[in-house]
Amino acid sequence: MTRVLVIKLGALGDLVQAFAPFAAIRAHHPDAAITLLTTAPFAELMRAAPWFDRVAVDARPSWWDVRGMLALRRTLRGHDVVYDLQTSGRSSRYFRLAGRPPWSGIARGARWPHDNPHRNAMHTRSRQRDQLRRAGIAQVPDADLSWLAGGGPVLPQPYALLVPGAAPHRPAKRWPAERFGALAGHLLDRGLLPVVAGTAAEAPLAAAIRRACPAARDLTGRTGLADLAGLAARAVLAVGNDTGPMHLAAAMGCPATVLFSRDSDPSLTAPLGRVPGQVRVIRVDDLATLSVDRVAASLG
């Protein structure tokens, strides 16, 4: 049996952008034993996915951690094909650690190098499609995510998902929580229950939103990734910062408005959604200057 390894570490948004490549790799190797190497936060979600037979966790040991590197080498060795969808400096070093198997990625010596000189100017999805095309996988359609659609709480009334968080070390990516609160009031006037999603650490953002709109429902810290996907699939719309949950909402087909600051470039990383016009992007240099009226107007 052919043994295939797929490498995807990264953050939640990066993982979601790889759903279509994951499905395409499975379709190309229908009878193979496929292992995903990822990081601990995503292992549970990916074990529920239909694309992999096994999910291995990369603890990302330091290069001087002999025991950790030996364990990683055991995970990497013995595969007939490796698709490095992380294509980072670290994951490219895994090529040698894996024993130089047939490799798709940017590692020197790869059998299917992604040597497109414009790769760093390509959107993540386009770059991955081009990488897989060079490895013989010509079609990378949107993945069937029906396995995710049923998760999370089923709310009894129409609702809008609000995602006020973002990477804590990049505060410039956050629209002020008080503006989300004002937007929540606007949504309530439209007959939509505002539902705030995020990690437990983002509960203070939800509290700020509820001070402005006490009717908003706080689900921060109460939804795993599969729960969040199902919650997004049933939402009327979603509004949030450039962060992983918004990628998940877009992947589930939820109409979404995503807010970008100068800290990130939507031409490279914006959620694409499943149909044209599903995802709207608002980009301003400083999110503190973005008005509630402009965001509300984007909702139609």
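This is a short tour of a predicted model, going from the whole chain to single strand pairs.

**Whole chain**

Start with the full chain in cartoon view. Its secondary structure consists of twelve helices and twelve strands. The radius of gyration is 20 Å, close to the 19 Å that the globule rule gives for 300 residues, so the chain is as compact as a globular protein of that length. Turn the model along its principal axes: the C-alpha atoms fill a box of roughly 60 × 40 × 35 Å.

Next, switch on a surface. The accessible surface comes to about 13300 Å², and carbon and sulfur atoms hold 52% of that area. Of the 300 residues, 55% count as buried. If you display contacts, take those with a separation of 6 or more: 61% of them are between residues 24 or more positions apart.

Now colour by charge. There are 37 positive and 23 negative charges in the chain, and the mean positions of these two sets lie 6 Å apart.

**Strand β1 and its partners**

Select residues 3-7, which form strand β1. Is β1 mostly covered or mostly uncovered? Four of its five residues are buried, so defined by a relative accessible area under 20%.

Keep β1 shown and add residues 33-38, strand β2. The two strands run parallel and are joined by five bridges. To find one of the contact points of this pairing, pick Ile 7, whose bridge partner in β2 is Leu 37.

Then add residues 81-84, strand β4. Here too β1 pairs in the parallel sense, over four bridges. Pick Val 4 this time; its bridge partner in β4 is Val 81.

**The six-stranded sheet**

Hide these strands and move on to β7 through β12. They make an open sheet of six strands with parallel pairing. In which order do the strands lie? Across the sheet, the order is β9-β8-β7-β10-β11-β12.

Select residues 217-218 for β9 and 279-283 for β12. These are the edge strands, and each pairs on one side only.

Finish at the β12 edge. Add residues 256-260, strand β11. How many bridges join β11 to β12? There are five, and the two strands run parallel. For a single position in this pairing, label Ala 256 and look across to β12, where Val 279 stands opposite.

Definitions and conventions. Residues are numbered from 1 along each chain as its sequence is written. This is a predicted model: local features need pLDDT of at least 70, side-chain atom pairs count only at pLDDT 80 or more; totals for chains, interfaces and linings use all residues. Side-chain values use heavy atoms; hydrogens and water are left out. The radius of gyration is taken over C-alpha atoms; the globule rule is 2.2 Å times the number of residues to the power 0.38. Buried means under 20% relative accessible area, exposed over 50%, partly exposed in between (1.4 Å probe, protein chains only). Contact means heavy atoms within 4.5 Å. Accessible areas come from the Shrake-Rupley method with a 1.4 Å probe; for residues, only the protein chains shown count as cover. Lys and Arg count as positive and Asp and Glu as negative; His and the chain ends are not counted. The place of a charge is taken as NZ of Lys, CZ of Arg, CG of Asp or CD of Glu. Two strands pair if DSSP finds at least two bridges between them.
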